[in-house]
Amino acid sequence: MKIDVLTLFPEMFTGPLDVSMVARARKAGLLDLQIRNLRDWTHDRHKTVDDRPFGGGPGMVLKPEPVFEAVEALASEKTRVLMMAPTGRVFTQAMARELAGEEHLLFLCGSYEGFDERIRTLIDDELSIGDYVLTNGGLPAMVIIDAVTRLLPGVLGHDESAHDESFSHGLLEYPHYTRPAEFREMKVPDVLLSGNHAEIEKWRREQSKRRTEERRPDLLE
Ligand code: JF5
């Protein structure tokens, strides 16, 4: 998969996307990820990307010209253009699975008071990662890139992908334990040491259901 990110703060993206599974996917050639500075598509001496809102009011608005030029330079008919904004649909695991099937994603990360409304004509989807306001769309883009990358074919090991399968049943994970069997008077449940795989599976199913009822009843509808 190819991913381009258009941002005013490319420095934000070093770190999260250079470690762990995303780094591995990039090195393996499964993910071609490029971070691009929106200012590279300005033409004036001050590399202006924003301006004051018509009609007055606080804050600055992202100008249409650099965004149009950048998207026209980077996108083709096969590109899914995504805008990060709190006004978008809230991103879910189902959307991560859908995006993982695309050839090319282009993330547009805005900030300030928002985008000139005409920029929306370039966009296929407007996505939010939750009901709060951030300073810019960089973190939401990184969250979505992380969630999508681990679903790309060949990125997860065989064990890990089987694990993901069980997570997509819509229930929370059951409790996990490893050695030692007793730690500071806290014991691992006997059933997990019993070797009885039918009983272990039953216990895990029950624990998942109980946890979901207690913590995330909204998932059970
Ligand atoms: C942004 C205007 C973009 O704050 C966010 C965001 C929150 N959830 N999902 C995205 O994006 C940055 C802020 C203001 C446009």
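**Exercise 1. Work out how the radius of gyration of the protein chain stands against the globule rule.**

Step 1: take the rule, which is 2.2 Å times the number of residues to the power 0.38, with the radius of gyration computed over C-alpha atoms. Step 2: for a compact globule of 221 residues that puts the radius near 17 Å, but the protein chain comes out at 22 Å. Step 3: look at the extents too; the C-alpha trace spans about 70 × 40 × 35 Å along its principal axes.

A word on the input before going on. This is a predicted model, where local features need pLDDT of at least 70 and side-chain atom pairs count only at pLDDT 80 or more, while totals for chains, interfaces and linings use all residues. Residues are numbered from 1 along each chain as its sequence is written, and side-chain values use heavy atoms, with hydrogens and water left out.

**Exercise 2. Take stock of the secondary structure, burial, contacts and surface of the protein chain.**

Step 1: count the elements. There are seven helices and 10 strands, read as DSSP runs (H or I of at least four residues for helices, E of at least two for strands) and numbered from the N terminus. Step 2: check burial. Of the 221 residues, 40% count as buried; buried means under 20% relative accessible area, exposed over 50%, and partly exposed in between, with a 1.4 Å probe and protein chains only. Step 3: go to contacts (heavy atoms within 4.5 Å). Among those with a separation of 6 or more, 75% are between residues 24 or more positions apart. Step 4: add up the surface. The chain exposes about 13700 Å², and carbon and sulfur atoms supply 52% of that; the areas come from the Shrake-Rupley method with a 1.4 Å probe, and for residues only the protein chains shown count as cover.

**Exercise 3. Find what the salt bridge between Glu103 and Lys78 ties together.**

Step 1: set the criterion, a side-chain nitrogen of Lys or Arg within 4 Å of a carboxyl oxygen of Asp or Glu. The structure holds 17 such bridges. Step 2: test the pair. The closest N and O atoms of Glu103 and Lys78 are 3.8 Å apart. Step 3: place both ends. Glu103 sits in the loop between α3 (93-99) and β6 (104-109) and Lys78 in the loop between α2 (64-74) and β5 (79-90), so the bridge ties together parts 25 residues apart in sequence. Step 4: check exposure. Glu103 is exposed at 51% relative accessible area, and Lys78 is exposed at 52%.

**Exercise 4. Follow the charged pairs that involve strand β8.**

Step 1: start with Asp125, which forms a salt bridge with Arg89 at 3.3 Å between the closest N and O atoms. Asp125 lies in β8 (residues 125-128) and Arg89 in β5, so this pair ties together parts 36 residues apart in sequence. Step 2: compare the ends. Asp125 is buried at 14%, whereas Arg89 is partly exposed at 46%. Step 3: widen the view. Arg80, Arg89, Glu98, Glu102 and Asp125 are linked in a network of salt bridges. Step 4: flip to Glu126, whose side chain meets that of Arg120 in a salt bridge (2.7 Å, N to O). Glu126 is buried at 18%; Arg120 is partly exposed at 28%. Step 5: sort the directions. Asp125 and Leu127 point one way from β8, Glu126 and Ser128 point the other way, and all are buried. In a regular strand, side chains alternate between the two faces of the sheet. Step 6: add the neighbour strand. β5 and β8 run parallel and are joined by five bridges, with Met84 standing opposite Leu127 in β8.

**Exercise 5. Locate Val61 in its sheet and list what it touches.**

Step 1: Val61 belongs to strand β4. Step 2: write the strand order of the open three-stranded sheet, β3-β4-β7, with mixed pairing; strands pair if DSSP finds at least two bridges between them. β3 (50-51) and β7 (114-115) stand at the edges with a single partner strand each, so one side of each lacks a neighbour in the sheet. Step 3: zoom in. β3 and β4 (residues 61-62) run antiparallel, joined by two bridges, and Asp51 stands opposite Val61. Step 4: list the contacts. Leaving out residues up to four places away in sequence, Val61 touches Val49, Asp50, Asp51, Pro53, Gly114, Phe115 and Asp116. Val61 and Asp116 are 55 residues apart in sequence, yet 6.0 Å apart in space, C-alpha to C-alpha.
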